[in-house]
Amino acid sequence: MLPDVSTPSFSAASSSLVRRDTRAWRLQVWISFGLAVTLCATGLAWLPGQDLDRAFMVMGYLFCLTSAFGLSKFIRDNDKRRNDTPGWRYVVWGGFFLAMGLTAWGLWRMDVQPVWKAYLAVSWLYLISSVFTLAKTLRDAHEADVLEARLQGRREARDEA
């Protein structure tokens, strides 16, 4: 609920209503995501074994990456009230679990040394974790921008009256 713009303390109150992440946090989130992508790409590029295994893992990582962003958006969009159909809910959750399951299966069945599997598994889980953090940070920034625009519009309407 937005504050009543007719109150004299509106402008002072409005600046404290919009909560934003710090610049340091945003930088940390982007660095973490970039590092996760780099670690995954490095592991996949240097992965010993067959080209087909490497291609499967690249597709699996990309499937996990995109489905994690989709799931994050779905969860956030339906946080306060259901906005999407039950069918879409099954598609989003199913896609995420299918991506994670198929990638885990591909990693498990690959004929590489256990140290490679461990490296790929840890970098993959780091990637998924950083995706959820990045998605939340981007959505928080968008919501703060929308709130500030609404407050500015109300402030201008009040000043014109």
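Is Ser130 buried or exposed? In this predicted model, Ser130 counts as buried, because its relative accessibility is 5% and the cut-off for burial is under 20%. Ser130 has its place in helix 5, which covers residues 114-160. A polar atom of the Ser130 side chain lies 2.9 Å from the backbone oxygen of Leu127.

Aromatic contacts were examined next. Eight aromatic pairs are found when the whole structure is searched. In one of them, the ring centres of Phe56 and Trp105 are 6.0 Å apart. The two planes meet at 75°, so this pair is edge-to-face. Phe56 belongs to helix 3 and Trp105 to helix 4, so the contact ties together parts that are 49 residues apart in sequence. Neither ring-bearing residue falls in the buried class: Phe56 is partly exposed at 26% relative accessibility, and Trp105 is partly exposed at 45%.

The pair formed by Phe96 and Phe97 is also described here. Its ring centres lie 5.6 Å apart. With planes at 65°, the pair is edge-to-face, because the cut-off for that class is over 60 degrees. The two partners differ in exposure. Phe96 counts as buried, with a relative accessibility of 8%. Phe97 counts as exposed, at 52%, because the exposed class begins over 50%. Both residues belong to a cluster linked by ring pairs, which also takes in Trp93 and Phe132.

Trp105 has a further contact. Arg109 lies over the face of the Trp105 ring. The distance to the ring centre is 5.7 Å. Trp105 thus appears in a charge-over-ring contact as well as in the edge-to-face pair with Phe56.

Trp105 also takes part in a nonpolar surface patch. The patch is made by Phe63, Leu98, Leu102, Trp105 and Trp108, and its area is about 570 Å². Helix 4, residues 86-109, supplies the largest share, with four residues. Phe63 is found in helix 3, which spans residues 51-77. Phe63 is partly exposed, at a relative accessible area of 32%. Phe63 can join the patch on accessibility, because patch residues need over 30% relative accessible area. Phe56, by contrast, has 26% relative accessibility, so Phe56 does not reach that cut-off.

Helices 3 and 4 therefore meet in two of these features. One is the ring pair of Phe56 in helix 3 and Trp105 in helix 4. The other is the nonpolar patch, to which helix 4 gives four residues and in which Phe63 comes from helix 3.

Conventions
Residues are numbered from 1 along each chain as its sequence is written. This is a predicted model: local features need pLDDT of at least 70, side-chain atom pairs count only at pLDDT 80 or more; totals for chains, interfaces and linings use all residues. Side-chain values use heavy atoms; hydrogens and water are left out. Patches are made of residues with over 30% relative accessible area and no salt bridge: like charges are joined within 9 Å, nonpolar side chains (Val, Leu, Ile, Met, Phe, Trp, Tyr) within 5 Å. Accessible areas come from the Shrake-Rupley method with a 1.4 Å probe; for residues, only the protein chains shown count as cover. A salt bridge is a side-chain nitrogen of Lys or Arg within 4 Å of a carboxyl oxygen of Asp or Glu. Helices (H or I, at least four residues) and strands (E, at least two) are DSSP runs, numbered from the N terminus. Buried means under 20% relative accessible area, exposed over 50%, partly exposed in between (1.4 Å probe, protein chains only). Rings of Phe, Tyr and Trp (its six-membered ring) pair if their centres lie within 6.5 Å; planes under 30 degrees apart count as stacked, over 60 as edge-to-face and the rest as tilted. A charge sits over a ring if NZ of Lys or CZ of Arg is within 6 Å of the ring centre and within 35 degrees of the ring normal. A polar contact is a pair of N or O atoms within 3.5 Å; within protein, one must be able to donate a hydrogen and the other to accept it, and residues adjacent in sequence count only if both atoms are side-chain atoms.
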